[in-house]
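Student: I should like to work through this model by question and answer. Where would you have us begin?

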Amino acid sequence: MVGDKLKKALIVGIGNFKEMALEGAINDANVVATTLGTNGDGSPNFDVKIITDMETEVTKSSLKGLIRSLFEGEHETALFYFSGHGYLNDIGGYIVTSDCKPNDEGISMDEILTLANNSKIKNRIIILDCCRSGKFGSSNLIDEKSTIIKNGVTILTASKDTENAVEINGQGLFTSLLLQALRGGASDLRGEITPGSVYAYIDQALGPWSQRPVFKTNVSEFISLRSINPPIPISTLRKIADYFSSPEEYFALDPSYEDTNTKEINHKVMAPYANHKNVAVFKDLQKMQSVGLVVPVDADFMYFAAMDSKSCRLTALGYHYWNLVKNKKI
C-alpha cells in the first residue's frame with residue numbers, strides 16, 4: 001500500500017445531536033472502518049482515517065478540509081463513507097455536521113461531488129447512510145437528466161432522495177447490509193467484493209416496501225473494495241479450463257474417479273477401481289459443483305455420475321469462470 005497504489009478511506013460518523021440524536025452513526029463508522037482496514041485474511045486493505053463526534057464536534061470547516069484532503073493525490077482509490085443526518089432543501093442535498101444551524105446545515109453534496117469529480121485519484125467511491133442521500137449525484141443547478149458524474153466515480157446511498165434511512169437496534173439498516181456484503185455476502189468465487197456486487201447484495205436484501213438504495217457510477221471496470229478467502233481455492237478454480245477444453249464439453253466419468261471405490265474398503269466395488277490421479281480430479285470437480293460451477297449429467301449426485309459412468313458439465317456460472325480463466329483474469 002505504498003506510492004500510487006495506496007487505497008485510503010475517510011470514515012465519518014456524526015450522531016450526537018441534542019434534538020435528533022442518531023444512536024448508530026458512531027458505531028456504524030467504527031465498524032465500517034475496522035472492516036475496510038483489512039482483508040479477510042488479515043492483510044492491510046484501506047488506510048483508514050475515522051472521524052466521529054463521540055467526544056468533540058465535527059464541524060463543517062474541519063470535515064470539508066478532510067474531504068478535500070481525501071481526494072488529493074494520485075492514488076489508486078479514495079473512499080468516503082458517511083453515517084449521520086442528511087438534509088434536503090430547494091437548493092440541494094447536504095450531509096449534516098455538528099455545528100449545523102438554520103440555512104447552514106452542513107456540507108453540500110454537490111460540493112463533495114465536485115471534489116470527487118476533479119480528483120486525479122483513479123477510483124473515487126462515496127457511500128452515504130443518511131436520509132435523502134439519493135440526491136447525491138443530482139443537482140438542482142442543472143438539468144436532472146444530465147450526467148454530472150465523471151469517469152472513475154461511484155456513488156452508493158442508503159435511500160432515494162425522497163426517503164429516510166432507517167436505523168434499527170442502534171445500527172443503520174443500510175450499513176448493517178453493507179457490512180454483511182463486505183464480510184463475504186457480496187464476494188465472487190475469487191473472494192473479491194466490488195461496489196457493484198455490494199449494491200446487488202443490498203438491493204436484493206431490501207424489499208420493494210423498504211428504503212431503496214441508489215447506485216450511480218461512471219466506470220469501465222469495478223475495483224475490489226475488499227477481498228476474503230475464496231470459497232474454492234484459486235488454484236482449483238484455474239483448473240476449470242484444463243478439465244473442460246470448451247465450455248460446452250462434457251467431462252466423462254467412471255468409477256475410477258470415486259475414492260471409496262477400492263478393495264481396501266469393505267463394500268461393493270467395481271472396475272475400474274479408484275485411481276489416485278482420477279480421484280484428485282474428481283475432488284476438484286466436486287468442489288466446483290459445491291459452488292455452482294459444475295453439475296452431474298443424468299444423475300442426482302456426482303457420486304452416482306461417477307459410479308454409473310455418466311458425466312458432468314459446466315453451469316452458466318461455470319461458463320463465466322471458464323472464460324475468466326481463459327482470458328487470464330484469474
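**Loops, strands and cavities**

Tutor: Thr162 belongs to the loop that joins E8 and strand E9 (167-168). Please bear in mind throughout that this is a predicted model.

Student: Does Thr162 count as buried or exposed?

Tutor: The cut-off for the exposed class is over 50% relative accessible area. Thr162 has 60% relative accessibility, and therefore counts as exposed.

Student: How far apart in space are Thr162 and Gly172, C-alpha to C-alpha?

Tutor: In sequence, Thr162 and Gly172 are 10 residues apart. In space, their C-alpha to C-alpha separation is 17 Å.

Student: Is Thr262, another loop residue, buried or exposed, and which residues does it touch?

Tutor: Thr262 is placed in the loop between strand E14 (251-252) and helix H8 (276-290). Its relative accessible area is 17%, and buried means under 20%, so Thr262 is buried. Leaving aside residues up to four places away in sequence, Thr262 touches Val269 and Ala274.

Student: In the sheet that contains E14, which strands stand at the edges?

Tutor: The sheet is open and consists of three strands in the order E14-E16-E15, with antiparallel pairing. An edge strand has a single partner strand, so one of its sides is left without a neighbour in the sheet. The strands in that position are E14 and strand E15 (294-297).

Student: Which residue of E16 stands opposite Ala252?

Tutor: E14 and strand E16 (residues 311-314) pair in the antiparallel sense over two bridges. Opposite Ala252 in E16 stands Ser311.

Student: Let us turn to E7. With which strands does E7 pair in the parallel sense?

Tutor: Strands of a sheet pair through backbone hydrogen bonds, in either a parallel or an antiparallel sense. Seven parallel bridges join E7 to strand E3 (residues 77-83). Five parallel bridges join E7 to E8. The partners asked for are E3 and E8.

Student: Which residues of E7 stand opposite Tyr81 and Ile155?

Tutor: Tyr81 has its bridge partner in E7, namely Ile127. Ile155 lies in E8, and the residue opposite is Ile126.

Student: How many residues of E7 are buried, and which lie on each side?

Tutor: In a regular strand the side chains alternate between the two faces of the sheet. One side of E7 carries Asn123, Ile125, Ile127 and Asp129, while the other carries Arg124, Ile126 and Leu128. Both faces are covered, and the number of buried residues is seven of seven.

Student: How many cavities of 30 Å³ or more does the structure hold, and what is the volume of the largest?

Tutor: Rolling a probe the size of a water molecule over the atoms shows where empty space is left. The structure holds two cavities of 30 Å³ or more. The volume of the largest is about 50 Å³.

Student: Which strand gives the largest share of the lining of the largest cavity?

Tutor: Among the residues that line the largest cavity are Asn123, Arg124, Ile125, Pro195 and Phe222. By class, this lining has five nonpolar, three polar and two charged residues. The largest share, three residues, comes from strand E7 (residues 123-129).

Student: How many charged residues line the second largest cavity?

Tutor: About 30 Å³ of space lies in the second largest cavity. Two or more residues of its lining come from each of E7, strand E8 (153-157) and helix H5 (195-205). Its lining includes Ile126, Thr154, Val198 and Leu225. By class there are eight nonpolar residues and one polar residue, and the number of charged residues is zero.

Student: Which residues of H3 are buried, and what covers them?

Tutor: Helix H3 (residues 109-118) is mostly covered, with seven of its 10 residues buried. These are Met109, Asp110, Ile112, Leu113, Leu115, Ala116 and Asn117. Their cover includes helix H2 (60-70), E3, strand E5 (93-101), strand E6 (104-108), E7 and E8.

Student: Why is Cys131 not bonded to Cys130, and how many disulfides are counted?

Tutor: A disulfide requires two cysteine sulfur atoms within 2.5 Å. The sulfur of Cys131 is 7.1 Å from that of Cys130, its closest cysteine sulfur, which is too far for a bond. The count of disulfides is zero. Cys100 is likewise in no disulfide, and the nearest cysteine sulfur to it, 13 Å away, is that of Cys130.

Student: To which accessibility classes do Cys131 and Cys100 belong?

Tutor: Cys131 has a relative accessible area of 17% and is therefore buried. Cys100 has a relative accessible area of 26%, so its class is partly exposed.

Technical notes. Residues are numbered from 1 along each chain as its sequence is written. This is a predicted model: local features need pLDDT of at least 70, side-chain atom pairs count only at pLDDT 80 or more; totals for chains, interfaces and linings use all residues. Side-chain values use heavy atoms; hydrogens and water are left out. Helices (H or I, at least four residues) and strands (E, at least two) are DSSP runs, numbered from the N terminus. Buried means under 20% relative accessible area, exposed over 50%, partly exposed in between (1.4 Å probe, protein chains only). Contact means heavy atoms within 4.5 Å. On a 1 Å grid over the protein atoms alone, a cavity is a set of points where a 1.4 Å probe fits but cannot get out, and a pocket is an open set with protein on both sides within 12 Å along at least five of seven lines; lining residues have an atom within 4 Å of a point. Grid points are joined across faces, edges and corners, and a volume is the space filled by probe spheres set on the points. Ala, Val, Leu, Ile, Met, Phe, Trp, Tyr, Cys and Pro count as nonpolar, Asp, Glu, Lys and Arg as charged, and the others, Gly among them, as polar. Two strands pair if DSSP finds at least two bridges between them.
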